[in-house]
Structures are given as C-alpha cells and as structure tokens.
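Reader: Before I rely on any label in this model, I would like to go through the reasoning behind it. Could you take the terms one at a time and set each against its cut-off?

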Amino acid sequence: MKRILLIVGGGIAAYKACEFVRLCRKAGISVKCVLTDGAQHFVTPMTLAALSENQVYTTLWDLKDETEMGHIQLSREADVIVVAPATADLLAKMTAGIADDLATTLLLATDKPVVAAPAMNVRMWLHPATQRNVTQLRSDGVTVLNPDEGSMACGEYGPGRLPEPAAILDHLHNHFRVDKILANRHILVTAGPTHEPIDPVRYIANRSSGKQGFAIAAALANLGARVTLVSGPVTLPTPPGVTRIDIETAQEMANAVATALPADAAVMVAAVGDWRAETAEQKLKKGETAPTLHLSENPDILALLSASPRRPKLVVGFAAETERVIEHATAKRLRKGADWIVANDVSGDVMGGSDNMVHLVTADGVEDWERMPKDQVAHKLAERIAHAL
Ligand code: C5P
C-alpha cells in the first residue's frame with residue numbers, strides 16, 4: 001500500500017485525521033485528502049495540504065480538467081480509500097449511493113477497497129438507522145471499523161470515538177501486507193449451514209450466515225494461501241482469490257472436502273446439520289396427522305478428516321454453544337481429534353451478526369479473545385494459523 005485517498009468527514013474527530021496523515025507520511029505512504037464542507041469547519045485544507053505535502057480537494061468543481069474525468073481518476077489512483085472520520089451522515093450517503101459532493105461522488109465512482117472509520121455521538125452510532133447502514137455497507141464489501149468506546153467530546157460515554165489513527169494504519173498494513181506468509185499453502189475452509197431435504201420443497205437448516213467462515217477464507221487468502229471454500233447455501237459474495245465450491249447437504253460437503261485434499265490446514269466453520277431426513281420423492285401432502293420424520297446421523301466431517309490418513313497438519317474446528325462453552329469445546333477438541341477448537345457462545349446475537357467473541361481452545365489451554373468484528377477474528381486466527389504452519 002503506497003497511496004491513500006483520505007476522505008475527511010465533518011466531525012470533531014476530524015482533527016485526528018491530521019495525525020493519521022502524519023503517521024502515513026512517516027510510514028512513506030502518500031496521501032491525498034478530500035474534505036467535505038463539514039470537515040472544513042474543523043480542519044482547514046491548508047493544514048492537511050502542509051501535512052500531506054499534496055494538493056487538497058474540497059469541491060467537485062476544483063478538479064481542473066473534468067474533460068479527463070478528474071473525479072473518476074482521483075477515486076481510482078489510490079490503493080485504498082479511507083474515510084476518517086466517517087460521520088453518520090457520510091455512512092448514510094454511502095449506503096444509499098448518494099453522490100452530491102466531491103467526497104460522496106468519489107466513493108460511488110471508485111473500484112478500490114474502502115475502509116471507513118466511524119466517529120459520532122454514541123446515540124447516533126447506536127441508532128437503528130446507523131446500525132442498518134453499517135450492516136448494509138459491510139455486506140456491500142466496505143470495511144467499516146468499529147468505533148472505540150470511551151468518553152466523547154459531547155460529554156457522553158460509549159462507542160462512537162474514532163479508532164486511534166495508529167490502529168487505522170495497522171488495519172491497512174494488515175490488509176495490504178506484502179509478506180504473504182501463507183504463500184504455497186493450501187487451506188480448506190467449510191462455511192455456512194447445510195440444507196437437508198425433507199421432500200422436493202422442504203429442508204432442515206440452521207441459522208448460520210456463513211459470515212465468519214467467509215471472513216476466515218478471505219483473511220487466509222489475504223496472507224497468500226490458496227483457499228478452497230466449501231460453502232453451504234448462503235447469500236455472501238465469494239472473497240477475492242478464493243476458490244468456492246457450493247454444496248447443499250452434509251454428505252455433499254463431506255465429498256467436496258475429501259475431493260479438495262490434500263491441504264496444509266483445514267478450518268471447519270460450517271454449521272453442518274447433524275441429521276438428515278429420509279427424503280420423500282414427492283411433496284408431502286397435508287393430511288389428518290403430521291408426518292413423522294425419520295432422521296439418520298450425518299457424517300462428522302471434522303472427525304473423519306482428523307482421523308484420515310490424509311489429515312492436514314493443522315485441523316481447526318468450531319464449537320457454537322449456548323451454555324458451558326469452554327467445557328463443551330474442550331471435550332469436543334478431544335472427541336473430534338482437532339488441534340484447535342474456536343468456541344463461541346451463540347446464545348446472543350452472534351449468528352447472523354457482525355461481531356463475535358471467541359475462545360481458542362488448544363492443547364496448551366484456553367485463550368479468551370475480546371469481542372470484535374468477525375473479520376478481525378478472522379485476521380487474528382489466520383495469523384495464528386500462519387505461525388502454526
Ligand atoms: O459437534 P458440533 O456440530 O458442535 O461440532 C462443530 C464442529 O464440527 C465444527 O467445526 C463443524 O464444522 C464440524 N462438524 C463437521 N461435520 C459435522 C458436524 C460438525 O465437520 N457433521
């Protein structure tokens with residue numbers, strides 16, 4: 001990562017954008033700044049021009065030669081666009097695709113990764129409208145960092161502070177790291193739910209969204225691994241650089257996993273259906289009494305893989321539990337022959353949500369990780385896998 005386009009929104013945290021630019025320059029990264037009208041009430045173009053040693057842009061109309069489509073060019077010549085502070089208003093406009101000034105036009109015209117670092121009053125951050133926008137932006141592929149928690153300029157306390165400039169830069173370094181420490185490694189990831197048919201139109205499924213597994217596949221690919229992602233039915237885009245195999249049932253997942261071997265590591269994140277039903281050939285009709293489902297057990301893909309002669313060097317399982325999380329995960333690690341179990345409590349809003357709080361259970365003991373976005377859990381786990389290999 002050599003070039004950043006920094007979009008500064010109009011909030012008190014805009015002063016921290018100055019520090020961010022200084023840190024980038026110190027790290028040898030070139031920065032071009034765009035200020036919204038609001039941002040200019042907090043910092044001046046002059047300050048950012050001096051710190052960035054670059055021209056600062058404030059309106060669509062000061063791009064000199066629009067015959068060359070200056071706004072398109074500006075939105076694409078950087079390696080990444082950083083929005084800091086990303087105000088509630090900017091996030092809302094980004095979500096809706098509104099392009100009514102230079103900043104929002106660039107954000108709509110870009111084909112580069114966008115990282116938004118939110119900063120706003122705690123009520124504004126927690127407002128359902130903002131939360132809805134953040135969820136939408138994340139599923140559109142925008143990286144929205146979680147704001148820090150603490151006391152705010154307005155005197156209130158809670159989440160809404162701009163992440164520290166150094167933390168934003170760290171995130172970018174991780175994303176763009178050049179030392180691809182997993183190059184030449186093949187890693188198998190399973191993700192999502194399975195669908196076990198009852199008849200041609202009905203099936204048994206579960207609430208897994210696939211988000212955590214997809215984030216892990218993306219993080220591993222980001223470290224240079226060749227990743228095969230065996231996925232149940234989900235509505236997520238395939239992460240860049242990942243080979244995806246779509247399946248529906250546990251049996252199909254087991255076959256796809258076997259076909260994808262050999263692998264250096266396997267991370268089994270899928271919520272595999274434990275049972276499959278005897279499938280009726282025709283749609284079951286409503287009658288006098290409800291039909292009885294005859295269930296049989298599905299293959300345990302993780303256990304089979306752990307016991308297989310083609311076992312990857314590192315086998316990681318997941319344990320979604322609603323009670324006695326550590327105890328169950330510890331037993332599961334031994335029972336299934338996995339090297340590590342990533343355990344999480346899914347009694348709250350984890351399934352389908354954006355955050356996760358996990359415990360890493362290994363032969364050495366248990367590590368409690370703090371609650372963080374699923375993509376940060378993924379990055380941390382990918383780093384650990386890289387070191388273990
Ligand atoms: O037994 P339980 O479903 O809680 O185990 C969870 C772990 O085992 C996950 O890593 C999951 O992907 C894996 N698993 C599997 N095949 C199954 C059931 C679970 O690979 N049939």
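Author: Let us begin with exposure, where a residue is called exposed over 50% relative accessible area, buried under 20%, and partly exposed in between. Please keep in mind throughout that this is a predicted model.

Reader: Why is Asp111 called exposed or buried, whichever applies?

Author: The relative accessible area of Asp111 is 52%, and the cut-off for exposed is over 50%, so Asp111 is classed as exposed.

Reader: What makes Arg76 and Asp111 a salt bridge?

Author: Their side chains meet at 4.0 Å, N to O, and the definition asks for a side-chain nitrogen of Lys or Arg within 4 Å of a carboxyl oxygen of Asp or Glu, so the pair is counted as a salt bridge. Arg76 lies in helix 3 (residues 70-76), while Asp111 belongs to the loop between helix 5 (102-109) and strand 5 (114-118), so that the pair links parts of the chain 35 residues apart. Arg76 has 36% relative accessibility and therefore counts as partly exposed.

Reader: How do you know that Asp264 and Arg185 meet in a salt bridge, and where are they in the chain?

Author: The N to O distance is 3.7 Å, which is within the 4 Å that the definition allows. Asp264 sits in the loop between helix 10 and strand 14, and Arg185 in the loop between helix 8 (165-175) and strand 9, 79 residues apart. Asp264, at 24% relative accessibility, is partly exposed, and Arg185 is likewise partly exposed, with 26%.

Reader: Why are Arg371 and Asp355 put in which classes of accessibility?

Author: Arg371, at 43% relative accessibility, counts as partly exposed, whereas Asp355 has a relative accessible area of 17%, which falls under the 20% cut-off and is therefore called buried. The two side chains meet in a salt bridge of 3.4 Å, N to O, joining the loop between strand 21 and strand 22 (372-373) to strand 19 (residues 355-356). The structure holds 18 salt bridges, and a network of them links Asp89, Lys93 and Asp100.

Reader: What makes strand 13 and strand 21 edge strands?

Author: Each of them, strand 13 (242-246) and strand 21 (365-368), pairs on one side only. They belong to an open sheet of 8 strands with mixed pairing, in the order 13-12-9-14-17-18-20-21, and neighbouring strands in this sheet are turned by 20° against each other on average, direction ignored.

Reader: How do you know that strand 14 and strand 17 are paired, and in which sense?

Author: Strand 14 (residues 265-268) and strand 17 (residues 314-321) share 4 bridges in the parallel sense, and the definition of pairing asks for at least two bridges. Within this pair, Ala266 stands opposite Val315 in strand 17. Helix 12 (residues 325-336) packs on the sheet, where it touches strand 17, strand 18 (340-345), strand 20 (358-362) and strand 21, and its direction makes about 155° with that of strand 18.

Reader: Why is Thr228 called buried or exposed, and what does it contact?

Author: Thr228, whose place is in strand 12, has 7% relative accessibility, and since the cut-off for buried is under 20%, Thr228 is classed as buried. Leaving aside neighbours within four places in sequence, its contacts include His186, Leu188, Thr243 and Ala260. Helix 10 (residues 250-260) lies across strand 12 (226-231) as well as strand 9 (186-191), strand 13 and strand 14, and runs at about 175° to strand 9.

Note on methods:
Residues are numbered from 1 along each chain as its sequence is written. This is a predicted model: local features need pLDDT of at least 70, side-chain atom pairs count only at pLDDT 80 or more; totals for chains, interfaces and linings use all residues. Side-chain values use heavy atoms; hydrogens and water are left out. Helices (H or I, at least four residues) and strands (E, at least two) are DSSP runs, numbered from the N terminus. Axes are lines fitted to C-alpha atoms, for helices over the stretch in contact, and angles run from 0 to 180 degrees between N-to-C directions. Contact means heavy atoms within 4.5 Å. Buried means under 20% relative accessible area, exposed over 50%, partly exposed in between (1.4 Å probe, protein chains only).
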